[in-house]
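Thanks for coming. I have one structure to go through today, and I will put it on the screen before I start.

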Amino acid sequence: MTSPYVSRSLPPAWQQFVEQCQNCRQCSLGQTRKQAVVWRGALSAPLMFIGEGPGAEEDARGEPFVGAAGRLLDLLLTAYGLDESVYHIGNVVKCRPPENRVPTEDEARACRPLLARQFNLVKPKVIVLLGATAFKYFTGSSEGISKVRGQWIEKNGYLILPTFHPAFILRNNRERIRLWEDIGLVRAKLEELDYLPKLSCQPDMPAGRR
Ligand code: SF4
């Protein structure tokens with residue numbers, strides 16, 4: 001097992017945060033994980049993605065969204081000129097739920113202080129909630145993700161956009177256009193907030209999975 005965080009020279013606050021995550025046993029997921037999966041992307045970023053929880057590949061490699069769903073997300077983000085220099089990506093729980101089940105409310109609650117600390121370190125302006133679980137645990141709302149996706153929520157100074165999880169798109173490719181549209185909204189918002197220059201032309205939606 002290799003941890004991607006060990007070889008990096010991280011600022012002290014990040015080093016402490018990684019250690020806190022790797023030593024955490026606040027819920028039972030800490031007993032079955034290989035390692036805590038903390039983030040991928042920039043340490044400080046205007047854009048932060050929050051997913052559900054790590055899968056097998058993430059558990060083994062120690063980074064979120066490095067499996068098939070992550071590759072699809074990267075494909076769509078890259079087409080819109082969004083790379084790891086402008087975003088930070090993590091999950092509502094940092095340890096893999098056995099058999100990739102949905103994390104429980106108690107597990108999400110136990111992990112929330114770590115996510116809050118992560119927000120304070122990253123200081124994003126725009127937050128994208130990937131999928132129903134992230135939306136439910138982040139907002140406390142029980143609305144369906146199909147109903148709320150693509151609609152901005154303003155809360156505590158953050159601009160929050162719920163959208164589909166890329167793993168859902170892998171199973172339902174005809175909905176790819178919805179995730180693509182929502183990434184377009186995010187790109188436009190970052191331009192409006194002067195984090196990014198305007199694109200000279202709108203990109204075409206990529207096909208395939210990369
Ligand atoms: S999921 Fe979160 S709260 Fe639970 S053990 Fe892992 S880091 Fe700790």
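F65 sits in the loop that links α3 (56-61) and α4 (68-79). This is a predicted model, and in it the phi of F65 is near 55°, a positive value in a residue other than glycine. Is F65 buried or exposed? It has 27 C-beta neighbours inside 10 Å, and because the cut-off for buried is 20 or more, F65 counts as buried.

K123 is the other case I want to show. Its phi is also near 55°, again positive in a residue other than glycine, and K123 lies in the loop between α5 and β4. With 12 C-beta neighbours inside 10 Å, K123 counts as exposed, since the limit for that class is 12 or fewer.

Now the sheet. It is open, has six strands and mixed pairing, and its order is β1-β3-β2-β4-β6-β5. At the edges are β1 (40-41) and β5 (153-155), each of which pairs on one side only. Helix α9, residues 176-192, packs on this sheet and touches β2, β4 and β6 (158-163). The direction of α9 makes about 165° with that of β6.

Let me take β2, residues 47-51, in more detail. Five of its five residues are buried. In general, side chains in a regular strand alternate between the two faces of the sheet. In β2, L47, F49 and G51 are on one side and M48 and I50 on the other, and both faces are covered.

What does β2 pair with? On one flank, five bridges join β2 to β3 (residues 87-91), and the two run parallel. β2 also pairs with β4 (residues 126-130), in the parallel sense, over four bridges. F49 is a useful residue to click on: its bridge partner in β3 is I89, and in β4 F49 stands opposite V128. One place earlier in the strand, M48 stands opposite H88 in β3.

β3 is a similar story. It is largely enclosed by the rest of the structure, because five of its five residues are buried. Y87, I89 and N91 lie on one side and H88 and G90 on the other, with both faces covered. Towards the edge, β3 pairs with β1 in the antiparallel sense, over two bridges. There, I89 is the bridge partner of R40.

Next, the core. As a general point, nonpolar side chains tend to be buried together in soluble globular proteins. Here the largest nonpolar core has 51 residues, and those touching the most other members are M48, I50, V128 and L129. Which residues does M48 contact, leaving aside its neighbours within four places in sequence? They are Y87, H88, V122, P124 and I127.

Last, the ligand. There are 15 residues around it, and C24, C27, G30, C95 and C111 come nearest. By class, the shell divides into ten nonpolar, two polar and three charged residues. Which helix gives the most to that shell? It is α5, with four residues. Both α2 (29-32) and α5 (105-122) supply at least two residues each.

To recap on the two loop residues: F65 counts as buried, and K123 counts as exposed. That is what I have.

Terms used:
Residues numbered from 1 in each chain as written. Predicted model: local features only at pLDDT ≥ 70, side-chain atom pairs only at ≥ 80, totals over all residues. Pairing = 2+ DSSP bridges. Near = placed C-beta within 6 Å. Nonpolar A, V, L, I, M, F, W, Y, C, P; charged D, E, K, R; others polar. Contact = placed C-beta atoms within 7 Å. Axes fitted to C-alpha atoms, helices over the stretch in contact; angles between N-to-C directions. Core = buried A, V, L, I, M, F, W, Y, C linked by C-beta atoms within 7 Å.
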